[in-house]
Number of protein chains: 2
Amino acid sequence: MAGRAAEPEVIWARPERTGRGPRPAYTRADIAAAAVRIADADGLDAVSMRRVAAELGCGTMSLYNYVPRKEDLYELMVDAAGGEHELWEPSGDWRADMLLVAHRTRSLMHRHPWLPRLMSPVYGLSPNSLRYLEHCLACLDTLPASYGTKLELIAMLNGIVTTYVTNELATAERTRSLPWSQEQEDAVRIAYLSGRIATGAYPRMAAAFAEDAGPIDLEAVFERALTRMLNAFEPRA
Amino acid sequence: MAGRAAEPEVIWARPERTGRGPRPAYTRADIAAAAVRIADADGLDAVSMRRVAAELGCGTMSLYNYVPRKEDLYELMVDAAGGEHELWEPSGDWRADMLLVAHRTRSLMHRHPWLPRLMSPVYGLSPNSLRYLEHCLACLDTLPASYGTKLELIAMLNGIVTTYVTNELATAERTRSLPWSQEQEDAVRIAYLSGRIATGAYPRMAAAFAEDAGPIDLEAVFERALTRMLNAFEPRA
DNA sequence: AGCGCATTACGTACGATGTACGTAACTACG
DNA sequence: CGTAGTTACGTACATCGTACGTAATGCGCT
């Protein structure tokens, strides 16, 4: 039975070392770290199997001994980044704790701008994802609600953070790989947009533009969104 | 000046027809429709310039007369899908209208499962995106709040819908391109997860699993998330 | 009316990607 | 000690986006 039928596989279920054969030259952590280094430096699109192998100093195809598919490499990256998440002893104030979770997640995504793009697909089963989830649940111990509701809260919080940071960084990641600057791109887009609005076809958008409440404080917008969301889960008095 | 310097460009700013030269054989709508047809049938990854050209019946490189970069093809697709959004005369009840917006968006994403993946990057400047945004603002005419707040509400609503449907469809899109079935994948993941939980390292997740409130009604979860969010914007009495 | 030139059409070609496959070296278990 | 399973890795292939060059086309100007 040399040729195995293709079967689904969770990379975390396969042991790093089976005991037989030559000692593997790298650990999963090594590989994840190399990929993260590349993504941080040159963007997610620069993470290719060849490039990661070169960073490690091994042949391209050797990587496939550790990582059956490239998608699994992504999972390693997400887990490695998740490992940077600092956890703490829950304070007893679930709202404060969840706010802190959100801010820590956001700063993590700022350090690793490729994270939002990789987090969308599926809820992680990676060790650090599980640790993170358990920690969130611990923070919510003082919230009188079912676990189902708590999970909904966590999902919603993560969703908002991801959405927000994605919009915050959407072009930043792209800027790296495009031949023109962020400012040029923005200028062109804004010019086009105000041209469209000037046609009068979008009266409310025109009013929104005219409202002009000064420069938008993205930080405050983020804070407001989180607060509103947490309020929605506050048990009624 | 034959060779132009690379400059940022919004595809919607360039006219479809400049008047000079041979009559273009296709419209943007034709191209978008072809790409959408392929993505609907075989998934987003099947949308390649070659494939779209073949679907249209023209040479691959002819496409670049209409679409300078592939990313712009994606913009055409999003706009075409957005064109399916049925708008209506606002009822005066902004909560009901926004709920309807959310449900329509969700069903649109169900019809075109590749939409969430393409919507994340940047807020659209496409004609149909602008129409959609203006419509949302119209629905919110009866909400006493600044345009800034209204835009935050719309962004949050879209974020929740996108996040929710993404999780809902995350694996569905992948299933199409993988050699094993959704059920097999799920089974493997669940088996691994319960193995981890059985270690006792995640007591709260274990409790969450044990809670077992019957099969999860995703529909209801979606509804609750939207309602909670809209409540958070209700002006205080 | 007719000339000029911008535009369309499209074949060829290049560099890059993920990864299937085959082979050689190696090590733990029977 | 042999042998089976594992690691290492070079080669090869299909596919991708797209730069470039050339031929055909038809609008706008003189």
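Helix 2 (residues 49-56) of chain A gives the largest share of the surface near DNA strand C, namely 3 residues. Here "near" means that the C-beta atom of a residue, placed from the backbone, lies within 6 Å of the strand, and helices are DSSP runs of H or I with at least four residues, numbered from the N terminus. The model is predicted, so local features need pLDDT of at least 70 and side-chain atom pairs count only at pLDDT 80 or more, while totals for chains, interfaces and linings use all residues. Residues are numbered from 1 along each chain as its sequence is written, and chains are lettered from A and ligands numbered from 1 in the order in which they are written.

In total, 24 residues surround DNA strand C, and the closest are A:S48, B:G21, B:A25, B:G59 and B:M61. By class, this surface comprises 8 nonpolar, 9 polar and 7 charged residues. In this scheme Ala, Val, Leu, Ile, Met, Phe, Trp, Tyr, Cys and Pro are nonpolar, Asp, Glu, Lys and Arg are charged, and the others, Gly among them, are polar.

Within chain A, the division is into domain 1 (23-82) and domain 2 (94-180 + 222-233), with bounds that come from an automatic or database domain assignment. The C-alpha centres of these two domains of chain A are 24 Å apart. Between them, 13 residues of domain 1 of chain A are in contact with 16 residues of domain 2 of chain A, where contact requires C-beta atoms, placed from the backbone, within 7 Å. On the domain 1 side, helix 1 (28-42) and helix 3 (70-82) of chain A are the elements giving two or more residues. Helix 3 of chain A provides the largest share of that side, 7 residues. The same side of domain 1 has 7 nonpolar, 2 polar and 4 charged residues.

The two protein chains also meet: the contact takes 52 residues from chain A and 52 residues from chain B. On chain A, helix 6 (127-139), helix 7 (147-177), helix 8 (182-197), helix 9 (203-211) and helix 10 (218-233) each supply at least two residues of the side that touches chain B. The largest share of that side, 12 residues, belongs to helix 7 of chain A. Its classes are 31 nonpolar, 10 polar and 11 charged residues.

Finally, a turn of 180° and a shift of 0.0 Å along the axis lay chain A on chain B with an RMSD of 0.1 Å. This is the relation of a two-fold axis. Both copies use the same surface, as 100% of the contact residues of chain A recur in chain B. The superposition is by least squares on the C-alpha atoms of residues with pLDDT of at least 70 in both copies.
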